[in-house]
Every structure is written in structure tokens, then in C-alpha cells.
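Could you walk me through this structure, stop by stop? I have it open in a viewer and would like to know what to select next and what I will find there.

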Amino acid sequence: MNHPPSPDTEVPTQESRPAAAPSPAPGRRLSESARRQLSPEALAEIQDLAARYPDKLAATLPALYVAQKDFGFVSLSAMQEVAKALGVPEGHVFGVATFYTMFSKKPVGKYHIQVCTNLSCALNGAARILEKVAEKTGVQPGEGPSEDGLWSVEEVECLASCGSGPCLQVNHDVYDEYVDEARLESILEACRRGDYRPWGA
Amino acid sequence: MRARSDLQSYTFDGFGTERFPNLLLRGAGDPGNWTRRAYEEKHEGYQALRKALRMEPAAVTGEMKASELRGRGGAGFLTGLKWSFMPKDTEQKTHVRHLVCNGDEGEPGTFKDRAILEYNPHQLVEGMIIAGWAMQCRMGFVYLRGEFLWLKEKLEAALQEAREAGYLGKDILGTGWDYDILVYRGAGAYICGEETALLNSLEGRRGEPRSKPPFPAQAGAFGRPTTVNNVETLATVPAILRMGGAEYAKIGAPGNTGTRLFGVSGQVKRPGLYELPLGTPLDFLINDLAGGSSTGRPIKAVIPGGASAPMLDAKDFDCPLDFDTLKARGSMAGSGGVIVMDEDVCIVKAVLRLARFFAHESCGQCTPCREGCHWMMQILQRIEDGQGRPEDLDLLASLPPRISLRTLCALGDAACGPVDSALRKFRHEFEHHIAHKTCYAGGPRPANR
């Protein structure tokens with residue numbers, strides 16, 4: 001192997017970052033839902049999906065979306081149920097579900113607010129919007145759901161709205177109309193009134 | 001489908017004239033423009049398809065070669081050449097072939113495919129049918145990023161309209177050729193924009209890039225010969241067939257033909273999408289069209305082709321926006337996302353933000369990228385936190401050569417682009433950060449936590 005000689009330097013340390021909490025043992029990292037089985041409608045939908053793709057494995061992502069909607073998030077049981085419904089190994093489904101960020105591995109609020117803080121949005125004040133979201137909902141980014149179950153907040157990467165940032169997404173609807181404080185307040189107010197589709201709907 | 005208010009710029013003085021042909025953004029801004037009726041009545045819709053279906057498949061590929069169209073996804077590979085890599089036995093049809101459209105638009109600074117899907121989904125559908133005919137494909141797949149749920153609904157409605165009109169399904173327009181298009185939704189992984197990672201994701205696996213060879217044209221989706229093209233590339237196909245490849249090749253610069261969508265974001269007065277012939281100078285785009293700096297402060301740095309393109313500083317603002325010149329100037333045309341930063345932006349913070357993105361999005365398969373991206377992020381974070389050490393800069397500069405070209409895909413190289421170029425062009429800002437524990441520039445900055 002022709003790797004260049006390593007310069008006489010040390011590995012960067014983590015000193016500037018807070019230490020991460022120790023991870024639980026494998027198999028205990030995934031959250032569990034109260035319900036353990038797919039609803040009959042969701043099961044039928046997954047079986048219908050499986051028939052539409054060239055092979056059953058290809059239906060893994062769409063099936064996980066169905067399970068996420070059914071369980072509210074992708075719990076350990078959701079993954080096991082998807083594996084069973086598709087007839088693919090559980091390990092495959094665990095691997096896929098944990099690889100993709102849009103499968104939420106823990107419960108989220110009725111309104112899951114995702115704020116883009118990537119460069120284009122950041123240049124136009126996304127950090128301030130994220131702070132405001134946290135302040136107004138009382139939920140810190142990456143945490144939630146709030147006690148009333150209404151909110152969870154997440155910082156996400158580019159939502160492809162760079163030209164009209166800062167942008168955010170509520171559940172699966174992108175809001176990119178130059179979100180400022182007034183616009184944010186009207187979005188949150190509409191959520192409180194129940195004008196928007198709740199998570200999973 | 002939710003009605004969206006859209007405040008972005010799509011047009012400018014002179015747009016739609018011979019100098020600035022309007023091929024991709026036809027009717028953009030009009031929410032009713034997406035229907036088949038609007039496309040057929042106003043934009044010569046599906047005429048190119050009828051023309052193509054009267055031609056031999058190989059002749060369609062020939063038109064694409066004559067157009068010298070280069071892929072709009074980032075690498076700028078010749079589309080006609082790529083199509084010709086597919087197995088040639090169109091007579092015996094021993095191979096089932098697939099066409100995949102890459103709509104996993106995730107590159108920070110890029111928002112062009114979205115506009116095509118929003119306002120001109122039929123143009124993409126028509127392009128995909130023509131491409132499917134040229135390569136005699138059995139199936140077309142559109143891989144959309146997971147966030148584009150409303151666009152998936154819109155595209156599926158457009159596909160249904162096309163089916164009803166006989167453009168898709170069995171025996172298309174009496175040719176005896178069967179073809180259909182399936183929309184597939186990703187789930188939030190940037191790496192799935194890489195073509196082999198996309199194929200893995202399409203097959204229901206983790207989006208990890210594959211080792212090549214075999215190339216997708218030999219064994220791609222579901223083991224079948226597959227061509228992967230970007231949304232914008234495929235949406236250009238009807239225009240090429242309509243006007244003829246040789247005529248299309250007259251637009252733009254030699255070897256860099258046609259128009260493409262440039263998305264301008266960041267600190268400019270009129271951010272938005274601008275369709276321009278390749279070779280248009282960067283300062284014309286950011287000053288004349290996008291209105292220059294929105295803050296009144298001079299522009300310091302521009303990223304010309306999405307987050308992975310190396311930065312340009314003021315001396316390169318005259319650069320023509322085409323694949324070859326940008327490469328010669330040490331950057332790349334990439335996906336056409338132009339991010340503009342003014343004098344007060346702290347380059348360290350900006351680069352850290354991008355480094356954090358790439359560290360997060362590395363799939364973890366190849367060690368240089370998995371570890372290297374995190375190293376770069378941690379070193380930058382340390383400098384940003386005021387704990388940087390003078391030797392950190394040499395350590396940081398030593399990483400890109402040890403990451404790029406040592407991985408299966410280009411994500412590692414992409415992560416190195418901003419870091420490497422910023423270190424070369426704005427080293428004084430890094431040194432200032434280390435010496436004074438604070439930013440070189442004042443004013444509002446991209447924030448990091």
C-alpha cells in the first residue's frame with residue numbers, strides 16, 4: 001500500500017465538544033412503541049407495495065414509510081413487522097431504517113418542525129430562526145416531543161430551498177417563503193389551530 | 001397539493017430571446033403550468049416525443065451526441081456518450097434495460113430540479129420517454145428525495161395524464177414499445193445523489209456507493225443495464241430533439257453547449273433560478289441578474305457549483321460559467337448552485353458549516369472519508385471555538401490529499417473542495433482566528449453550534 005507517510009501530528013481531540021452520552025448496548029438503542037403490530041390496513045398497504053416493485057427488497061423504503069405513519073415513528077417493532085411483512089431479514093430492515101434520517105427512530109410531536117441551517121439559509125439568518133423555534137415551542141433542537149405532544153424540533157440539512165431561505169419544514173410540507181419571525185409565528189399559530197396535516201397524516 | 005406562494009426570480013430582461021433561450025423554465029412561476037394541457041398548448045409539449053418515435057433509437061442517441069450535452073448533475077459527462085454505453089442489441093432485446101432519473105437534489109445551494117418538477121413535470125416525463133426509447137428501456141425510475149413529497153404527488157399526477165394520453169404504458173403511440181415510469185421516494189440521505197448509491201437505495205438497500213466496475217451501463221438497477229441521468233439533463237432532451245442536436249450545440253460555448261439553471265442564493269438582492277447559456281460570466285449572473293450584494297458590502301467569496309465546489313475569490317469573478325473554465329480555475333461547475341458571501345462572512349464558520357454537512361452525510365463505507373470528514377470538522381470546530389493551535393492549519397491542509405481519490409465515490413472529494421480552497425485563498429482568516437480567538441470579519445455570520 002502506498003499511503004503517504006503520516007506527518008508527525010496527533011489525532012484531533014474531542015476536547016472542544018461536550019462528551020457524548022455512552023451509547024446503550026446494541027439491540028437496546030432502538031425505541032419501542034406501545035403497539036407491537038402493524039394495523040391490518042398498513043399491512044395490506046405494504047403487501048400491495050411489495051407487488052409493485054421488481055423484487056420485495058426494493059419495497060423496504062416505501063414499506064418503512066407506511067410503518068412510520070402507522071406507528072408514529074419507526075420503532076423496533078415497526079422494523080420487525082416490516083421485515084416480516086416483506087419476508088426479508090430483520091437485519092436488513094434495521095440497517096436501512098437506521099441509515100436514512102427521514103425515518104424517525106424516536107417519537108416525534110404532532111408537528112415536527114425541521115429547520116435548515118445549511119450555508120445558504122445560514123447566510124440569511126437560519127440560526128436565529130432555529131433559536132426562535134426553540135424558544136416559541138419550548139423544545140430544543142433534536143429533542144421532543146414537548147409535554148403536550150404538540151412539538152418536536154430538528155435541525156436538518158439542505159431542503160433545496162436555498163434561493164428563498166431561511167426555510168423550514170413542518171412534517172412533510174416545506175415552507176420556504178423567506179421565513180422570518182412574523183412568518184414563523186403564523187406557521188406555528190396555524191399548527192396550534194390544527195390547520196396543517198399532523199405528523200403521519 | 002398545497003398551493004405555494006413562490007417569491008423566487010425566474011426571469012429577467014432579455015430572457016426568452018435568442019441570446020438567453022428559454023428551454024427549461026418555460027412558464028415557471030405559474031402554478032397552473034404543470035398540466036399536460038398547458039404543456040401541449042403553450043410549450044410545444046410531446047412534439048419532440050412524436051418526432052423521436054419516428055426515428056430509429058440509435059438516431060435519437062445520435063442527436064444527443066450531436067448536441068454535445070453534458071450532464072447537469074455535477075460531473076458534466078457527455079450525455080449522448082453515456083447513452084451509447086448501454087448494450088447495443090436493441091434488435092434481439094435480450095437485455096432488460098432501465099433508465100433512472102436522479103432527482104435526489106440535496107447539494108446545498110442547489111434548487112433547480114425542484115423548479116422543473118414544480119412547473120414542468122411533463123417536460124421531464126417527455127425527456128424520460130425519449131431517453132427510454134433511445135436506449136429501449138423497459139422501465140424508468142424517478143428517484144426523488146424524501147422531502148419532495150408534494151412534488152412526488154405532482155409528478156405522479158403528470159404521469160397519470162401521460163398514461164391517459166397514450167405516452168406511457170403498452171404500445172406507446174403505436175410503436176409496439178412498452179414502457180412505464182415509477183416514482184421512488186428516498187429518505188433523506190445526501191449520498192443517494194451518487195449514482196451507484198442511488199441504485200442501492202432504489203433496490204431498497206442502504207445508500208452506499210458501489211465499487212466500479214461493473215458500471216451501471218453493465219449492471220445497474222436490479223442487475224440490469226441502467227443509465228442514470230439528472231432531472232435537468234432529461235428535461236433538456238425534448239428541447240434537443242425539437243431543435244435538432246446540431247442546432248442545440250450552437251448555444252453556449254464550444255464543448256460546453258446549451259443552457260442550464262443557475263441557482264443563486266446567499267447574500268444577493270434577487271436570489272433565484274436563472275437559465276443561462278453555459279459560458280455566461282459569473283459577475284454578470286451575480287451582479288447584473290441577481291442584483292449584487294444584498295447587504296451593500298462587497299462580495300468576498302462565491303461557491304460556483306454547489307457546496308462541494310471549491311470557492312472562488314474576487315479575482316475569479318469574471319470566470320465564464322462552464323465546465324472547462326471553472327475546472328481550469330480550480331473549481332467546478334457542479335450542480336449550478338451559486339452561493340454568494342459578502343465581506344463580513346467569516347470563512348471559517350462558513351467552511352465549518354459545510355464540513356459538518358459532509359461529515360454528517362458520509363456513508364461511512366470508506367475510511368478516508370468517514371474519518372477524514374470528521375477530522376476536518378473537528379479541527380475547524382476547534383479553530384472556530386478559539387482553541388485552534390498554529391499547527392492545526394498544516395494538519396488541516398494535509399487531509400484533503402489523503403481523502404480525495406482514495407474513496408469509492410466523490411463525497412470525500414466534495415468535502416475537501418471547500419476546505420482546501422478556503423485554506424488556500426483565505427488562510428489569513430484562519431490564522432487570525434487562531435491568533436485572536438475571534439473572527440477576522442465582523443457583522444452577521446453563519447452560525448454554528
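## Start with chain A

Select chain A: of its 201 residues, 46% count as buried. Keep in mind as you go that this is a predicted model. Colour chain A by secondary structure and you should find 7 helices and 4 strands, in the order α-α-α-α-β-α-α-β-β-β-α from the N terminus on. If you turn on contacts between residues at least 6 apart in sequence, 59% of those in chain A join residues at least 24 apart.

Now zoom in on the loop between strand 2 (151–156) and strand 3 (168–170) of chain A, where A:Pro166 is found. The bond to pick out there joins A:Gly165 and A:Pro166, and this peptide bond is cis, with omega about 0°. A:Ala160 lies in the loop between strand 2 and strand 3 of chain A as well. Its phi is near 60°, a positive value in a residue other than glycine. Most residues other than glycine have a negative phi, and most peptide bonds are trans. Is A:Ala160 buried or exposed? A:Ala160 counts as buried, because it has 27 C-beta neighbours inside 10 Å and the cut-off for buried is 20 or more.

## Where the two chains meet

Show both chains and select the residues in contact: 59 residues come from chain B and 42 residues from chain A. Staying on the chain B side, look for helix 7 (149–164), strand 7 (259–266), strand 8 (272–277), strand 11 (337–342), helix 13, helix 14 and helix 15, each of which supplies at least two residues. Which helix of chain B gives the most to this side? Helix 13 does, with 6 residues. Colour the side of chain B that touches chain A by residue class and you will see 25 nonpolar, 20 polar and 14 charged residues.

## Two crossing helices in chain B

Next, hide chain A and select helix 6 (residues 121–135) and helix 9 (residues 231–243) of chain B. Their axes are 7 Å apart and the helices pack at an angle of about 75°, so helix 6 and helix 9 of chain B are roughly perpendicular to each other. For the contact itself, show side chains on B:Gln123, B:Leu124, B:Glu126, B:Gly127, B:Met128, B:Ile130 and B:Ala131 of helix 6, which meet B:Val231, B:Leu234, B:Ala235, B:Thr236, B:Val237, B:Pro238 and B:Leu241 of helix 9. These contact residues divide into 10 nonpolar, 3 polar and 1 charged.

While you are on helix 9 of chain B, click on B:Arg242, which also belongs to this helix. B:Arg242 is partly exposed, with 17 other C-beta atoms within 10 Å. Leaving aside residues up to four places away in sequence, B:Arg242 touches B:Glu44, B:Gln47 and B:Ala48. Try a distance label between the C-alpha atoms of B:Arg242 and B:Gln47: they are separated by 7.2 Å, although the two residues are 195 residues apart along the chain.

From there, select B:Tyr46, in the loop between helix 1 (36–42) and helix 2 (47–53) of chain B. B:Tyr46 has a positive phi, near 65°, and counts as buried with 22 C-beta neighbours inside 10 Å.

## Two enclosed helices in chain B

Move to helix 5 (residues 112–119) of chain B. Here 8 of the 8 residues are buried, so helix 5 is largely enclosed by the rest of the structure. The buried residues include the charged-looking names you might pause at: B:Lys112, B:Asp113, B:Arg114 and B:Glu118. To see what covers helix 5 of chain B, show its surroundings, including strand 1 (98–103), helix 6, helix 7 and helix 9.Then select helix 16 (residues 411–425) of chain B, whose 15 residues reach 22 Å from first C-alpha to last, close to the 21 Å expected at 1.5 Å a residue. Where does helix 16 of chain B bend? Look at B:Gly417, where the bend is about 30°, with a proline, B:Pro418, following within four residues. Both B:Gly417 and B:Pro418 are among the buried residues of helix 16. In total, 12 of the 15 residues of helix 16 of chain B are buried, so this helix is largely enclosed by the rest of the structure. Its cover includes strand 10 (312–313), helix 13 (347–361), helix 14 (367–384) and helix 15 (392–403) of chain B.

## Last stop

Finish at B:Pro214, in the loop between helix 8 (195–202) and strand 4 (226–230) of chain B. The peptide bond from B:Pro213 to B:Pro214 is cis, with omega near 0°.

Key
Residues are numbered from 1 along each chain as its sequence is written. Chains are lettered from A and ligands numbered from 1 in the order in which they are written. This is a predicted model: local features need pLDDT of at least 70, side-chain atom pairs count only at pLDDT 80 or more; totals for chains, interfaces and linings use all residues. Axes are lines fitted to C-alpha atoms, for helices over the stretch in contact, and angles run from 0 to 180 degrees between N-to-C directions. Angles under 35 degrees count as roughly parallel, over 145 as roughly antiparallel, 65 to 115 as roughly perpendicular and the rest as oblique. Two residues are in contact if their C-beta atoms, placed from the backbone, lie within 7 Å. Ala, Val, Leu, Ile, Met, Phe, Trp, Tyr, Cys and Pro count as nonpolar, Asp, Glu, Lys and Arg as charged, and the others, Gly among them, as polar. The expected span of a helix is 1.5 Å times one less than its number of residues. The bend at a residue is the angle between axes fitted to the seven residues ending there and the seven starting there.
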